[in-house]
Amino acid sequence: MIVGIDLGTTNSAIAIWRDGQAELIPNALGDMLTPSAVSIAADGAVIVGLAARDRQSTHPADTATAFKRYMGTQQSVKLGKTSFTAEDLSAIVLSSLKADAETFLGEPVTSAVITVPAYFNDRQRKATRRAGELAGLKVERLINEPTAAALAYGIQTREEKEPFLVFDLGGGTFDVSIVEMFDGVMEVRASAGDNRLGGEDFNETLIDLAKPRIDPQGALAKVDPVLLRELLRVAAESCRRALSEAEEAPFTVTALGQDFTTTITSSEFEAQAAPLLTRLREPVLRSLRDSDIRVDTLSEVILVGGSTRMPIVRRTITRMFGRFPNAAVHPDHAVALGAAVQAGLKSRDAALDEIRMTDVCPFTLGIDHSVADGRGGFRHGIFSPIIERNTPIPASRVSYYQTISDNQRSIDIHIYQGEAREVLGNVKLGSLRVPLPSGKAGDVGVEVRFSYDTSGLLEVDVNVPRAGTQRNLVIVDDDDAPDQADVAARRAVLAAIKRHPRDDSHNQAILARAARCYEGFIGDRRDMVGTWIAQFEAALATQDPRIIDPARAQFDAALNELEGDRYL
Ligand code: ADP
Ligand code: MG
C-alpha cells in the first residue's frame, strides 16, 4: 500500500487512494491533521502531534516545532538527552503517521509519496527522502506541494495547458505557484512566496489589537513572559478561528485568577491585518510575471493551507483576482489528498512525471547585526537577511550597515543561513573581520554584497567606501549528507526511543493540555485543574479502560468548560 503524505511546517496529514478516490486517514485522536511537533517526556518517551504542541509552553526545552524550516541543514536541537536534526524530527512525525495509517488500514504501510515545497533544492529533498527512510518507508516519489494540490483538484483530467494558480497560506509560510500540465508532465511554471507570512503572523497582529484592550492597566506584566506569550497566542488562535465562522469573537486570556477579555469584530481584524493582507499581493504578481501568464488565462485559483480559511484572506484574494477562488477541496487536506492521487497512479504504474524547479536559493542568507532597541541601547545577534529564501539564482544583493560605536576599529561580519530572527537559531557559514577608519558612530558605512550561484557557491564582498578597503570570502556549500551506513545507525537511535502505546494518545494529549491550563491559571481554578489531574492520574493507575475512558471524557468536558473548546 502506498500512502500520500503532506509533511507540513505546522501540520502534517496522511491519505490513501482507495475505491477510486483519495481519502484522509485520522490519527489516534481522530484528527485528520497532526501538528508537526515533537516533544520528549521526562521518562525519555517521544510525544508527537497535539500533545507535543501543547507542551510547547510547559516544556519549551524538550519540544520542537517548525523544524521543516531547517530541513537539509545540519542544525540540531537537543530534546531531553538526544540531539535531533530536522530530518530526525521529520522521521519521528512520519513514523507516527505511518503507525496511524497501519492501525486504520489494518495492514503494513511500506511506501509513500511525500510532498515538499516547490522551492526545495536537492539537499532539502534528499533530507526529506532520508527522513522517510528513517521512518521505515520506501519513498516512491517526492512531489511538489502545489502539484499535489493541483492533482487533488483534478488537473490531470483537464485539457493540457490549463494553468492553475495555487495559493497556499499555512502557519508560517506563504507560497504561490503556477502549475501546468504539458505532454502529460506537470510543471511548476513559477513559484514565489514569503517565508515569514502565515497564520502565526495574523495571531501576532490580533494580539497587538487585543492586548491593550484586555489589559489597559498592564496587569499582565506580572505574568511570566514566556507563559504570557503562549497564553496570548492560544487566545489569538481561537479568536481567529472563531472569526472564520462568525462576525465577532471573544479574545480571552485567563491569568492571575481572572479573565482578561474583549470582543473582536471581523472588520476590526481586517483593518488591523491590512499590512499582512497587502503582503499577499507581491508574490502573486511575481509568479504571474515569472511565468508570463495573465490572470485572465488562469484556469483556476485554488486555495490551500489552513490560513486561507480566514474570510478576510478570501475577500482579499477575490478582490485581487476579480473572481472567486476555488476551495472545493478542503484547504487543509488538499496537499495530502493530491499526494494520495499520485500514490494511486503510481500503484497502477501511471504516475505523472514532474519537472521541478531548483534554481532558487533554498534558504535565506544574511549576516549578524545589531538593532537599536529604541531606548538608547542595542539588541545584538539579530539576523539581517541579504538574499531571501526563494530568490531566483544566480543572485547578487547588497546591504548597507553603519558602525554603532565611535571610532570602532573593525567590524566582524558573521555569515548565516536560515530563517530565524536571532542568528543563534541559524547556521553559521563563516566570518570575516574588516578594519575600519576612525569616525563617529553611524558615520562609517559598510557595504556587504552576497552573490550566490547555482552550484551553491556563496561569495561575500565587504566594502568600506570611506577607507577604500575590500575583503572577500568564498563559502562552498559542502553537501555533508550522511551515507547509507549513517542512515542505518540513526535509524537504530530513533528506533530505540521509547514510544507510549498508541491507546495512550488521548491520555497524553489531555494531560499535556491540563498541564498548560495549570500553568495558565492561578488560585481556585489552578487548584481545580490540579485536583482533576490527580484524579485522572489515579484513574490511569487502574489501567482499566472502563474507568479511564469515562474519567477522560469528564476531564475533557471540565477543561472545555474552563477554557472553551479545543480548536483542533
Ligand atoms: P502548514 O502548511 O504550515 O503546515 P497548515 O496549512 O496546516 O500549515 O495551516 C496552519 C495554519 O492554518 C495555522 O496558522 C492555523 O491557525 C490556520 N487555520 C487552520 N484552521 C483555521 C481556521 N478555521 N481559521 C483560520 N485559520 C485557520
Ligand atoms: Mg502546507
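# Reading a ligand shell and its surroundings

Q: How many residues of the shell around ligand 1 are nonpolar, polar or charged?

A: One is nonpolar, 11 are polar and four are charged. Keep in mind as we go that this is a predicted model.

Q: Okay, so which residues come closest to ligand 1?

A: Start with the list of neighbors. Ligand 1 has 16 residues around it, and T10, N11, E237, R240 and S244 are the closest.

Q: Which side chains have polar atoms facing atoms of ligand 1, and at what distances?

A: The cut-off to have in mind is a pair of N or O atoms within 3.5 Å. R240 puts a polar side-chain atom 2.4 Å from an oxygen of ligand 1. In N11, a side-chain N or O atom sits 2.8 Å from a ligand 1 oxygen. With S244 the ligand partner is a nitrogen atom, 2.6 Å from an N or O atom of the side chain.

Q: And how much of ligand 1 does the protein bury?

A: Compare the ligand taken alone with the ligand in place. Alone, ligand 1 exposes 580 Å², and the protein buries 93% of that.

Q: Which helix gives the most to the shell, and which domains does the shell draw on?

A: Here you map the shell back onto the fold. Helix α6, residues 225–243, gives the most, with three residues. As for domains, at least three shell residues come from domain 1 (2–197 + 280–360), and at least three from domain 2 (199–275).

Q: Let's zoom out. How many helices and strands does the chain have, and what does the C-alpha trace span?

A: The chain holds 15 helices and 26 strands. Along its principal axes, the C-alpha trace spans about 80 × 65 × 55 Å.

Q: What does the radius of gyration say about the chain?

A: The trick is to set the value beside what a compact globule of that length would have. For 568 residues that is near 24 Å, and the chain comes out at 25 Å, so the two agree. On burial, 54% of the 568 residues are buried.

Q: How do I read burial along a helix, say α1, and which residues are buried there?

A: Buried means under 20% relative accessible area. As background, an α-helix has 3.6 residues a turn, so residues three or four places apart point the same way. Now the case: in α1 the buried residues are L50, A51, A52, R53, D54, R55, S57 and T58. That makes eight of the nine residues in α1 (50–58), so the helix is largely enclosed by the rest of the structure.

Q: What about S90: where does it lie, and is it buried or exposed?

A: S90 belongs to helix α2, residues 86–105. Its relative accessibility is 2%, so it counts as buried. Look at its side chain too: a polar atom there lies 2.6 Å from the backbone oxygen of A86.

Q: Which residues other than glycine have a positive phi, and where do they lie?

A: Check the backbone angle, then the element around the residue. L256 has phi near 50° and lies in the loop between β15 (248–255) and β16 (258–265). N407 also has phi near 50°; its loop joins β21 (395–402) and β22 (410–417).

Q: Are L256 and N407 buried or exposed?

A: In between, so they fall in the partly exposed class: L256 has 28% relative accessibility, and N407 has 47%.

Q: Now separation. How far apart are G184 and E160 in sequence and in space?

A: Read the two numbers side by side. G184 and E160 are 24 residues apart in sequence, and their C-alpha atoms are 8.0 Å apart in space. G184 sits in the loop between β13 (174–182) and β14 (185–194), and at 29% relative accessibility it counts as partly exposed.

Q: And how far is H380 from F174?

A: Those two are 206 residues apart along the chain, with 28 Å between their C-alpha atoms. H380 is part of strand β20, residues 378–387, and with a relative accessible area of 51% it is exposed. The cut-off for that class is over 50%.

Q: One last pair: how far is E268 from V335?

A: They are 67 residues apart in sequence and 32 Å apart in space, C-alpha to C-alpha. You'll find E268 in helix α7, residues 266–272, partly exposed at a relative accessible area of 29%.

Notes
Residues numbered from 1 in each chain as written. Chains lettered and ligands numbered in written order. Predicted model: local features only at pLDDT ≥ 70, side-chain atom pairs only at ≥ 80, totals over all residues. Heavy atoms only, no water. Near = heavy atom within 4 Å. Polar contact = N/O pair within 3.5 Å; in protein donor to acceptor, adjacent residues only side chain to side chain. Areas by Shrake-Rupley, 256 points an atom, 1.4 Å probe, with all protein chains shown as cover. Helix = DSSP H or I, 4+ residues; strand = E, 2+ residues; numbered from the N terminus. Nonpolar A, V, L, I, M, F, W, Y, C, P; charged D, E, K, R; others polar. Domains from an automatic or database assignment. Buried < 20%, exposed > 50% of the residue type's maximum accessible area, 1.4 Å probe, protein only. Rg over C-alpha atoms; globule rule 2.2 N^0.38 Å.
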